[in-house]
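Subject: The structure I promised you

Hi,

Here is the structure we talked about. Have a look at it first, then read on for what I found in it.

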Amino acid sequence: MILVTGASASGKSAFAEQLVMKSGRERRVYLATMIPWDEECRKRIERHKRLRAEKRFETIECPVDIEGAMLPKRCVVLLECMSNLTANELFRGDLVHNDVQAAEERIRRGIARLMETAGELVVVTNEVFEDGEKYPEETERYRRLLGRLNIWLAERAGTVYEVLCGIAVKVKQPGIT
């Protein structure tokens, strides 16, 4: 697994796509976690699908329950992104709302399943603690959960990059922790 992190609009998604393109694997899956809440989101999603199709990505919409995502064996998967997935799992309406432990367990099981199934996995996540702001408790629960998941992912990833102003900086590589 490769983890790509950075601030919003830092260039991390473009960098993660480049990693997938360089993987050499024939099957490229984009596991998309954004929920189309409104017309603007729907247009953005459609634009992104068109751009990814040109790069031969198969898009699988999976805003929750990534453990059940049906993937081709030994493909390369780009999970975009942990921030959306975390919010979707934490605030989903079909289960107990705000059950942090259950959301964390579902996400961890899903990531473990992706690591078993995919030949390679690239995960994009956001840094959410850089602004130093204090938010309402519900938002703080989300931020703490995403922070724990980011640490968990980084521990398991062979390589971790932080993207700053479009420049990827390798902060962990295989054999060096």
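Let's start with a pair of side chains you can zoom in on: Arg92 and Glu89 are joined by a polar contact of 2.7 Å. Arg92 also has a polar contact with the side chain of Asp65, this one at 3.0 Å. You'll find Arg92 in the loop between α3 (82–90) and α4 (100–117). Is Arg92 buried or exposed? It counts as buried, because its relative accessibility is 9% and the cut-off for buried is under 20%. One thing to keep in mind while you click around: this is a predicted model.

Now zoom out for the whole chain. The protein chain has five helices and seven strands. Going from the N terminus, the order is β-α-β-α-β-β-α-α-β-α-β-β. What radius of gyration would you expect for a compact globule with 177 residues? The answer is near 16 Å, and the protein chain has 16 Å, so the two agree. If you put a box around the C-alpha atoms along the principal axes, it comes to roughly 45 × 40 × 30 Å.

A few more numbers for the whole chain:

- Of the 177 residues, 44% are buried.
- The exposed area is about 9500 Å², with carbon and sulfur atoms supplying 53% of it.
- There are 29 positive and 28 negative side chains, and the centres of these two sets are 5 Å apart.
- Take the contacts between residues at least 6 apart in sequence: 72% of them join residues at least 24 apart.

Next, go back to α3, the helix that comes before the Arg92 loop. It is mostly covered, with seven of its nine residues buried. Which ones are buried? They are Met82, Ser83, Leu85, Thr86, Asn88, Glu89 and Leu90. Glu89 is the one you met above, as a partner of Arg92. What do the buried residues of α3 pack against? Their neighbours are β4 (76–80), α4, β5 (120–124) and α5.

You can see the α5 side of that packing through Tyr142, which sits in helix α5 (residues 137–156). Leaving out neighbours within four places in sequence, Tyr142 is in contact with Ser83, Thr86, Ala87, Leu90 and Phe91. Tyr142 is buried because its relative accessible area is 14%, below the 20% cut-off. If you want a distance to try in the viewer, go from Tyr142 to Val163: they are 21 residues apart in sequence, and their C-alpha atoms are 22 Å apart in space.

Stay on α5 for one more residue, Asn150. Its relative accessibility is 12%, so Asn150 counts as buried too. What does Asn150 touch, if you skip residues up to four places away in sequence? It touches Leu3, Thr125 and Asn126.

Asn126 turns up again when you look at Ala7, which is in contact with Lys12, Asn126, Glu130 and Val163 once neighbours within four places are set aside. Ala7 lies in the loop between β1 (2–6) and α1 (12–21). How far is Ala7 from Thr125? They are 118 residues apart along the chain, but their C-alpha atoms are separated by 8.7 Å. Ala7 has 28% relative accessibility, so it counts as partly exposed.

Last, some backbone details to hunt for:

- Ala9 is in the loop between β1 and α1, and has a positive phi of about 60° although it is not a glycine. At 81% relative accessibility, Ala9 is exposed, as the cut-off for that is over 50%.
- Arg56 is another residue other than glycine with a positive phi, near 65°. Look for Arg56 in the loop between α2 (39–54) and β3 (57–61). With 45% relative accessibility, Arg56 counts as partly exposed.
- The peptide bond from Glu80 to Cys81 is cis, with omega near -5°. Cys81 is in the loop between β4 and α3, so you can start there and step along into the helix.

Have fun with it, and write back if anything is unclear.

Cheers

Technical notes. Residues numbered from 1 in each chain as written. Predicted model: local features only at pLDDT ≥ 70, side-chain atom pairs only at ≥ 80, totals over all residues. Heavy atoms only, no water. Helix = DSSP H or I, 4+ residues; strand = E, 2+ residues; numbered from the N terminus. Rg over C-alpha atoms; globule rule 2.2 N^0.38 Å. Buried < 20%, exposed > 50% of the residue type's maximum accessible area, 1.4 Å probe, protein only. Contact = heavy atoms within 4.5 Å. Areas by Shrake-Rupley, 256 points an atom, 1.4 Å probe, with all protein chains shown as cover. Lys, Arg positive; Asp, Glu negative; His and termini not counted. Charge placed at Lys NZ, Arg CZ, Asp CG, Glu CD. Polar contact = N/O pair within 3.5 Å; in protein donor to acceptor, adjacent residues only side chain to side chain.
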